[in-house]
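Reader: I should like to learn how the features of a protein model are read, one at a time. Where should such a reading begin?

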Amino acid sequence: MPWLILILAGCFEVGWAVGLKYTEGFTRLFPSLWTISSMIVSLGLLGLAMKSLPLGTAYAVWVGVGAVGTVILGAVLFQEPVNAIRLISVLLILAGLIGLKLGAAG
């Protein structure tokens, strides 16, 4: 269950990272409220996951999920570049996340 909570926390991290783009410097009310709410939920879920997961693993996975999700949504929503270097980099992050999960089991 802590891993599911951690992945969900990472998804909310993606929500607030993407939300920042829509806030236009926190000048738009509803995107700003969504972004702030996502920040609170993301950190709250991260804290819950850290009750039973190692600090370094939990934080790295949270950041990694957020980074991968943000890169994907950046490409989909904002037409950010998708090229071989970026795809390989995202795959390396995913490989690191899998390694951290496998290493935490031992």
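Author: Let us begin with the contacts along the chain. This is a predicted model. In the chain, 65% of the contacts with a separation of 6 or more are between residues 24 or more positions apart.

Reader: Which elements does the chain have, and in what order do they run from the N terminus on?

Author: The chain has four helices and zero strands. From the N terminus, the order of the elements is α-α-α-α. Along the principal axes, the C-alpha trace spans about 45 × 35 × 15 Å.

Reader: How is the surface to be read, and what share of the residues is buried?

Author: A residue counts as buried when its relative accessible area is under 20%. Of the 106 residues in the chain, 29% are buried. The chain exposes about 6400 Å², and 78% of that area is supplied by carbon and sulfur atoms.

Reader: Which residues make up the largest nonpolar core?

Author: Such a core is a set of buried nonpolar residues joined through side-chain atoms. Here the largest one has 12 residues: Trp3, Leu6, Ala9, Leu45, Leu46, Ala49, Leu53, Ala58, Val61, Trp62, Val65 and Leu97. At least two residues of this core come from each of α1 (2-23), α2 and α3. With four residues, α3 gives the largest share.

Reader: Let us take one member of that core. Where does leucine 53 lie, and is leucine 53 buried or exposed?

Author: Leucine 53 is found in the loop between α2 (29-49) and α3 (55-78). Its relative accessibility is 10%, so leucine 53 counts as buried. Not counting residues up to four places away in sequence, leucine 53 touches Pro2, Trp3, Leu6 and Ala58. For leucine 6, the separation from leucine 53 is 47 residues in sequence, while the C-alpha atoms are 9.2 Å apart in space.

Reader: What does valine 65, another residue of this core, touch beyond its sequence neighbours?

Author: If residues up to four places away in sequence are not counted, valine 65 touches Ile7, Gly10, Cys11, Val14 and Leu97. Of these contacts, Leu97 is also listed in the largest nonpolar core, as is Val65 itself.

Reader: Threonine is absent from the residue types that may form such a core. Is threonine 35 buried or exposed?

Author: Threonine 35 has its place in helix α2. At 0% relative accessibility, threonine 35 counts as buried. Its contacts, leaving aside neighbours within four places in sequence, are Trp16, Gly19, Leu20, Thr23 and Phe26.

Reader: How many salt bridges does the structure hold, and how is one recognised?

Author: The criterion is a side-chain nitrogen of Lys or Arg within 4 Å of a carboxyl oxygen of Asp or Glu. The structure holds two salt bridges. One joins the side chains of arginine 28 and glutamate 24, with an N to O distance of 3.9 Å. That distance is within 4 Å, so the pair qualifies as a salt bridge.

Reader: Which residues form the other bridge, and how far apart are the closest N and O atoms?

Author: Glutamate 80 forms a salt bridge with arginine 86, and the closest N and O atoms are 3.9 Å apart.

Reader: What is the relative accessibility of each of these four partners?

Author: Arginine 28 has a relative accessible area of 36% and is partly exposed, whereas glutamate 24, at 53%, counts as exposed. In the other bridge, glutamate 80 is partly exposed at 33%, and arginine 86 is partly exposed at 29%.

Definitions and conventions: Residues numbered from 1 in each chain as written. Predicted model: local features only at pLDDT ≥ 70, side-chain atom pairs only at ≥ 80, totals over all residues. Heavy atoms only, no water. Buried < 20%, exposed > 50% of the residue type's maximum accessible area, 1.4 Å probe, protein only. Contact = heavy atoms within 4.5 Å. Core = buried A, V, L, I, M, F, W, Y, C linked by side-chain atoms within 4.5 Å. Areas by Shrake-Rupley, 256 points an atom, 1.4 Å probe, with all protein chains shown as cover.
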